[in-house]
Every structure is written in structure tokens, then in C-alpha cells.
Amino acid sequence: MSLIDRLTDAVFAAVRWLILAMIVVGAFNALARYATRFTGISFASNAALDIQWYMFAMVFLLGAAHALKHGVHVRVDVGYARLSGRGRAWVDLIGTVLLAVPFCVMVLVTSWPAVRNSWGIREGSPDPGGLPRYPIKVVLLLGFALLLLQAVAHIRRQVKVLRGPRGGEET
């Protein structure tokens, strides 16, 4: 297993706990809104709503590399399943080189100024009692950098399949 694969797995090992935390916070937020209707006392907070949103962003952005590594990302499966191992390797290689890598690079390049600006002004939530926004914006860069690294590992894996013996196709 490559260093990139180990990094992806380590990040996801931490991120998967965020899913549970996100569910707990989401349930609290829903119950707090429900309780407010009956008690007249507001238990909801903008910080709790922000943290739920932040956790969702972290799960989505930091989990994308794991999804690519394990082939559980969204894929248009028209004909893909019928292809041989080499055919799937070609589709994956071309898709990764022509779509995933350029998209990751584009997001990293275009997001950097916004993230830098957010840190420069210590951007906060527009809602009273909300959380600062600038720390979560770094996750955008981290997520796409990790996805780009995993795309490189994926490319290497597909090239290995294509260079392998034709009789012993890998899937």
C-alpha cells in the first residue's frame, strides 16, 4: 500500500467519527427546534447549526479521496461493468487524467485566494453567535489536495493494471 493510500485511510479513520458526531448534533438541532415550539425557550444556537454544517463539509471533502480509493464514488456505469479489467483501467485512467486531476487543480488554484482572504480578515459567521468561517475554509484546500494525491495513486494503479499481463487481468 502506498504512502498516499495510508494517508487517505488515516484521514478517513478520523473522518468517519465525524459522521456519528454530525448525526448527534443534527438530532440535537432538530430536537432543540422542536422543544422551542412547546416551551417557548430557545435551545437552538447558530453555533450548533454551524458545527453541523462544518462537520458535513469535512466528511464530504475529506472523504472524497477515500471514495476514489475504494471505487465507491459516483460513476456513470453505462457499459463500465461489462468491460474487461483492462477496459475499466483505461476508462479510469482517462477519466482521472482528463477530469479528476484538472478539476482538483482548478479548485485548488481558484480557492486559494478566497481562503487566504478569509484568514486575512478572520471571517466570521454572519449569524449572531455563529462560528468563525476561516478555519473551515482550509478544509476545502485539504480535501482537494488529498483527492489530487489519491488521483495520482489511482493513476499509478491503473497504469500498473495496463502494464500487467493480459491473461491475468486485475479489476
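## A buried arginine and the helices around it

At 12% relative accessibility, R86 counts as buried, because the cut-off for buried is under 20% relative accessible area. You can find R86 in helix α3, a good place to start looking around. Keep in mind that this is a predicted model. Its average pLDDT is 91, and 95% of the residues score at least 70.

**R86 and its partner**

- What lies 2.7 Å from a polar side-chain atom of R86? That spot is taken by the backbone oxygen of L162.
- L162 also turns up in a core of five residues, whose members include A89, L93 and V161 as well.

**The largest nonpolar core**

- Now look at the largest nonpolar core, which has 18 residues.
- Which of its members touch the most other members? They are V15, M55, V139, F144 and L147.
- Four helices each give two or more residues to this core: α1 (3-39), α2 (46-70), α3 (85-120) and α4 (134-163).
- The top contributor is α2, with six residues.
- The five-residue core with A89, L93, V161 and L162 among its members lies apart from this one.

**A closer look at F144**

- Set aside the neighbours within four places in sequence, and F144 is in contact with L61, F103, C104, V107 and L108.
- F144 is also one of the residues that touch the most other members of the largest core.

**Following helix α3**

- Helix α3 is 36 residues long. From its first C-alpha to its last it reaches 49 Å, close to the 52 Å expected at 1.5 Å a residue.
- Where does α3 bend by about 40°? Look at T96.
- G95 is found in α3 too. Is G95 buried, partly exposed or exposed? With a relative accessible area of 24%, G95 is partly exposed, because that value falls between the 20% and 50% cut-offs.
- To get a feel for distances, try G95 and M106: they sit 11 residues apart in sequence, and their C-alpha atoms are 16 Å apart in space.
- Just after α3 comes R122, which takes a positive phi of about 50°.

**How confident is the prediction?**

- Confidence is lowest in α1, where the mean is 92.
- Confidence is highest in α4, at 96.

Definitions and conventions: Residues numbered from 1 in each chain as written. Predicted model: local features only at pLDDT ≥ 70, side-chain atom pairs only at ≥ 80, totals over all residues. Heavy atoms only, no water. Core = buried A, V, L, I, M, F, W, Y, C linked by side-chain atoms within 4.5 Å. Buried < 20%, exposed > 50% of the residue type's maximum accessible area, 1.4 Å probe, protein only. Contact = heavy atoms within 4.5 Å. Polar contact = N/O pair within 3.5 Å; in protein donor to acceptor, adjacent residues only side chain to side chain. pLDDT = per-residue confidence, 0-100. Expected span 1.5 Å × (residues − 1). Bend = angle between axes of the 7 residues up to and from the residue.
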